[in-house]
Amino acid sequence: MAYKRNLVCLFAIQFLVLFSVEDVRAKISAIIVFGDSTVDAGNNNHRLTIVKSNYMPYGKDFEGGKPTRRWSNGRLFTDFISDALGIKKSIPAYLDLNFGIQDFATAVTFASGGTGYDSLTTTLVNAIPLWKQLEFFKEYREKLTKFQGKEKTAETIHEALYILSVGTNGFMLNYLHVPIRALEFTMKEFQKFLAKRVYQGSLQFGCPKNSTRWICSHGVLAVLKNFEHIIRKNMCGSI
């Protein structure tokens, strides 16, 4: 059932993007992605972690038929959005040494499989925590400024589409599978705990206050549904 809801969600996003692509294509300067395995294009391959997808059948339907370090047999939903907008056929991982700032200028993902709003989640598997992804983002802005100038970079950051896809690992890893947080919190208390982390993390992004270009995905767990209003209010504007 959850799988079907995920498909519906992805198809809905794809439909909306394709339906309005002509209107928004000229207005989107870049796609900047944060999150977990749902949008990780290979960053974990450059870390000492067991959470990797550099083996078959991952990538079997991607161009070349080899593992791309994406958690998919082909492209990710962010790749499809980027392709539909005419930006890039696939979004490169920030830590992939095969790409540079010239590639990241229009699309980049800082995501890491296994991460979550709770820092303990990433500690268990040594994924890249959200706060570190934010540091990479700041580093990215500095590199982008050197590459294309301060004025152009300000425009790129302001007009970019930001995608955040994260949420289920905190529950799946350190509340259910390894119930460390379950010893500290009830389900409702843990939900509030994560909601507070979402809010605190959102204040660190440093993106334009009037930016409205956010797509936020929190998985299909019902306990995460009311995170939406927190994201809408605090993550650089509404979505």
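Are Phe 34 and Phe 137 buried or exposed? Phe 34 is buried, and Phe 137 is buried too. The close-ups below come from a predicted model.

**View 1. Phe 34 and Phe 137 form an edge-to-face aromatic pair.** The ring centres lie 5.5 Å apart. The ring planes stand at 80 degrees, over the 60 degrees that marks the edge-to-face class, so the pair is edge-to-face. The partners come from distant parts of the chain. Phe 34 sits in strand 1 (residues 31–35), and Phe 137 sits in helix 6. In sequence they are 103 residues apart.

**View 2. Phe 137 in helix 6.** Its relative accessible area is 0%. Buried means under 20%, so Phe 137 counts as buried. The C-alpha atoms of Phe 137 and Tyr 94 are separated by 9.2 Å. Along the chain, these two residues are 43 residues apart.

**View 3. Tyr 94 and Phe 104 form a tilted aromatic pair.** Centre to centre, the rings are 5.5 Å apart. The angle between the planes is 45 degrees. Tyr 94 lies in the loop between helix 3 (77–84) and helix 4 (101–104), while Phe 104 belongs to helix 4, so the pair ties together parts that are 10 residues apart in sequence. Tyr 94 is buried, and Phe 104 is also buried.

**View 4. A cluster of aromatic residues linked by ring pairs.** The structure holds 12 aromatic pairs. Ring pairs join Phe 34, Tyr 94, Phe 104, Phe 110, Phe 136, Phe 137, Tyr 140 and Tyr 162 into a cluster. The residues of View 1, Phe 34 and Phe 137, are among them. So are Tyr 94 and Phe 104 from View 3.

**View 5. Helix 6 crosses helix 7.** Helix 6 spans residues 130–148, and helix 7 spans residues 150–159. The axes come within 7 Å. They cross at roughly 135 degrees. That angle makes helix 6 oblique to helix 7. The crossing is right-handed.

**View 6. Residues in the contact of helix 6 with helix 7.** Helix 6 contributes Phe 137, Tyr 140, Arg 141, Leu 144, Thr 145 and Gln 148. Helix 7 meets them with Lys 150, Lys 152, Thr 153, Thr 156 and Ile 157. The contact residues divide into four nonpolar, four polar and three charged. Phe 137 and Tyr 140 take part in this contact. Both residues also belong to the aromatic cluster of View 4.

How values were computed: Residues numbered from 1 in each chain as written. Predicted model: local features only at pLDDT ≥ 70, side-chain atom pairs only at ≥ 80, totals over all residues. Heavy atoms only, no water. Axes fitted to C-alpha atoms, helices over the stretch in contact; angles between N-to-C directions. Helix = DSSP H or I, 4+ residues; strand = E, 2+ residues; numbered from the N terminus. Parallel < 35°, antiparallel > 145°, perpendicular 65-115°, else oblique. Left-handed = near helix turned anticlockwise from the far one by under 90°. Contact = heavy atoms within 4.5 Å. Nonpolar A, V, L, I, M, F, W, Y, C, P; charged D, E, K, R; others polar. Phe/Tyr/Trp six-rings, centres within 6.5 Å; stacked < 30°, edge-to-face > 60°. Buried < 20%, exposed > 50% of the residue type's maximum accessible area, 1.4 Å probe, protein only.
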